[in-house]
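User: Please walk me through this structure in short questions and answers. Begin with the term you need for burial.

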Amino acid sequence: LTILGLESSCDDTGAAILRRSGGAVAILSNVVASQTDLHAAFGGVVPEIAARAHVEKLDLMVEQALAEAGVALAGIDAIAVTAGPGLIGGVLSGVMAAKGLAMGLGKPLIGVNHLAGHALTPVLTDGLGFPFLMLLVSGGHCQFLRVDGPQAFQRLGGTIDDAPGEAFDKVARLLGLPQPGGPAVERAAALGDPRRFDLPRPLLDRSGCDLSFSGLKTAVLRARDGVIADKGGMTEQDRADLCASFQAAISDVLAEKSRRALAGQARLTGFAVAGGVAANASLRARLERVAAAAGLPFVAPPLALCTDNAAMIAFAGLLAFEAGQRDDMTLSARPRWPLDTEAAPMIGSGK
Ligand code: ATP
Ligand code: FE
């Protein structure tokens with residue numbers, strides 16, 4: 001079975017082709033057009049610009065994915081598409097494109113929850129078995145999911161305000177570092193002293209695995225203003241120390257909450273991470289130690305499959321297809337779509 005996946009929920013337009021033969025699933029192609037440059041001047045993703053760029057790029061991405069895979073359009077057996085959650089204009093562009101292809105080819109359409117795509121990636125990349133714990137840490141999300149099967153997710157907790165990627169981006173802005181903030185803050189932190197600034201570890205005093213990052217960002221702002229008030233400005237070293245202290249605080253919180261989430265679950269096969277923030281090497285190392293202490297394998301998919309991509313959508317769509325899911329021309333785009341067993345019994349029910 002050969003499946004085409006489309007992703008357009010945020011600022012990346014992606015298309016990918018996966019093929020199942022027997023037990024194995026191969027990624028035949030996985031292409032993405034990033035819109036980072038289009039939004040750079042605005043300091044964040046502009047929904048209108050994003051939607052227009054998706055419409056412009058979707059056809060091209062599908063053509064590229066087919067060419068790279070060496071597959072003709074007629075060789076596609078099913079079409080999977082992100083039906084939410086995300087920026088509505090982008091999700092709509094993808095759903096419309098997928099409907100057009102499905103109708104034109106007379107092939108099944110499968111609506112996929114974007115978060116299910118992220119959550120199932122360790123199954124695609126490492127063959128991780130169920131149930132496992134997933135920490136999704138990206139620019140827009142932060143949540144712990146217990147993944148019991150291709151369509152069975154339980155949200156154990158998550159951020160009550162900002163996502164960690166957002167916090168990295170805001171801290172970079174506060175310190176005059178370039179966007180995206182995560183890599184810039186990580187580079188600066190490598191030269192800094194993580195003990196110099198005493199930043200809060202939000203919600204560590206509270207049980208459960210909910211998280212909060214907005215207070216941390218405010219604390220960085222106050223620490224910065226404190227240094228400026230004292231010395232009239234910030235040196236490279238001040239910046240590096242503040243980045244290192246911030247990164248240590250985020251890592252402490254995520255590591256401790258991960259430890260608790262793992263302790264609360266029985267018979268897990270592993271601990272996996274996904275999302276752009278999982279690219280952070282010092283955070284990864286911390287989480288790896290938490291998994292080891294719990295006696296579990298740690299799975300961090302390669303970066304290209306950790307951030308937004310269409311291969312994960314094609315894979316989640318493939319599993320849903322095999323479970324019997326079929327959508328039709330009534331498939332709707334959902335800006336909000338919680339990934340919970342109760343809230344969404346079928347990952348792509350789309351209704
Ligand atoms: P979502 O997938 O939730 O819709 P998104 O598309 O913004 O959101 P990703 O592409 O998964 O998320 O990740 C981007 C985020 O990851 C940005 O906020 C970026 O700053 C952060 N990030 C990238 N690399 C690093 C790093 N090395 N350290 C920390 N954060 C990082
Ligand atoms: Fe994402």
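Analyst: A residue is buried if 20 or more other C-beta atoms lie within 10 Å of its own, exposed if 12 or fewer, and partly exposed in between. The model discussed here is predicted.

User: Is Ala 263 buried or exposed?
Analyst: Ala 263 lies in helix 8, which covers residues 236-263. The cut-off for exposed is 12 or fewer C-beta atoms within 10 Å. Ala 263 has 10 others within 10 Å, so Ala 263 is exposed.

User: What separates the C-alpha atoms of Ala 263 and Gln 64?
Analyst: Along the chain, Ala 263 and Gln 64 are 199 residues apart. In space, their C-alpha atoms are separated by 45 Å.

User: Which residues does UniProt place in the feature "binding site"?
Analyst: The annotation comes from an unreviewed UniProt entry. The residues are spread over 195 residues of sequence but cluster in space, with a largest C-alpha distance of 8.7 Å. They are His 114, His 118 and Asp 308.

User: Is His 118 buried or exposed?
Analyst: His 118 lies in helix 4. Leaving aside neighbours within four places in sequence, His 118 is in contact with Leu 136, Ala 274, Gly 275 and Met 312. A residue needs 20 or more other C-beta atoms within 10 Å to count as buried. His 118 has 31, so His 118 is buried.

User: Where is Asp 308, and is Asp 308 buried or exposed?
Analyst: Asp 308 sits in the loop between helix 10 (303-306) and helix 11 (311-322). Not counting residues up to four places away in sequence, Asp 308 touches Glu 7, Cys 10, Asp 12 and Gly 14. Asp 308 has 28 C-beta neighbours inside 10 Å, so Asp 308 is buried.

User: Which strands stand at the edges of the open sheet with the order 8-7-6-9-10?
Analyst: This sheet has five strands with mixed pairing. An edge strand here has a single partner strand, so one side is left without a neighbour in the sheet. That describes strand 8 (152-158) and strand 10 (298-299).

User: Which residue of strand 7 is the bridge partner of Leu 133?
Analyst: Strand 6 (residues 132-137) pairs with strand 7 (residues 142-149). Their pairing is antiparallel, over six bridges. In strand 7, the partner of Leu 133 is Arg 146.

User: What angle does the direction of helix 4 make with that of strand 6?
Analyst: Helix 4 (residues 114-126) packs on this sheet. It touches strand 6, strand 7, strand 8, strand 9 (271-274) and strand 10. The angle to strand 6 is about 125 degrees.

User: Which are the edge strands of the sheet in the order 3-2-1-4-5?
Analyst: Five strands form this open sheet, and the pairing is mixed. Each edge strand pairs on one side only. The edge strands are strand 3 (24-34) and strand 5 (109-113).

User: By how many degrees are neighbouring strands of this sheet turned against each other on average?
Analyst: Direction is ignored in this value. The average turn between neighbouring strands is 20 degrees.

User: Which residue of strand 4 is the bridge partner of Gly 5?
Analyst: Strand 1 (residues 2-7) and strand 4 (residues 78-84) are paired in the parallel sense, over four bridges. Within strand 4, Ile 3 has Ala 78 as its bridge partner. For Gly 5, the partner is Ala 80.

User: How many residues lie between strand 1 and strand 2 in their hairpin?
Analyst: Strand 1 and strand 2 are antiparallel and share six bridges. One bridge joins Leu 6 to Ala 15 in strand 2. The two strands form a hairpin, and the number of residues between them is four.

User: Why is strand 1 largely enclosed by the rest of the structure?
Analyst: Helix 11 lies across strand 1, running at about 130 degrees to it. Strand 1 is largely enclosed because, of its six residues, the number buried is five.

User: Which helix gives the most residues to the shell around ligand 1?
Analyst: The shell has 20 residues, with Gly 139, Gly 140, Gly 165, Gly 182 and Gly 276 the closest. It divides into six nonpolar, eleven polar and three charged residues. Helix 5 (164-174) and helix 6 (181-189) each supply at least two. The most, four residues, come from helix 6.

Methods
Residues are numbered from 1 along each chain as its sequence is written. Chains are lettered from A and ligands numbered from 1 in the order in which they are written. This is a predicted model: local features need pLDDT of at least 70, side-chain atom pairs count only at pLDDT 80 or more; totals for chains, interfaces and linings use all residues. A residue is near a molecule or strand if its C-beta atom, placed from the backbone, lies within 6 Å of it. Ala, Val, Leu, Ile, Met, Phe, Trp, Tyr, Cys and Pro count as nonpolar, Asp, Glu, Lys and Arg as charged, and the others, Gly among them, as polar. Two strands pair if DSSP finds at least two bridges between them. Two residues are in contact if their C-beta atoms, placed from the backbone, lie within 7 Å. Axes are lines fitted to C-alpha atoms, for helices over the stretch in contact, and angles run from 0 to 180 degrees between N-to-C directions. UniProt positions are given in the numbering used here, feature names are shortened, and annotations may be inferred rather than shown by experiment.
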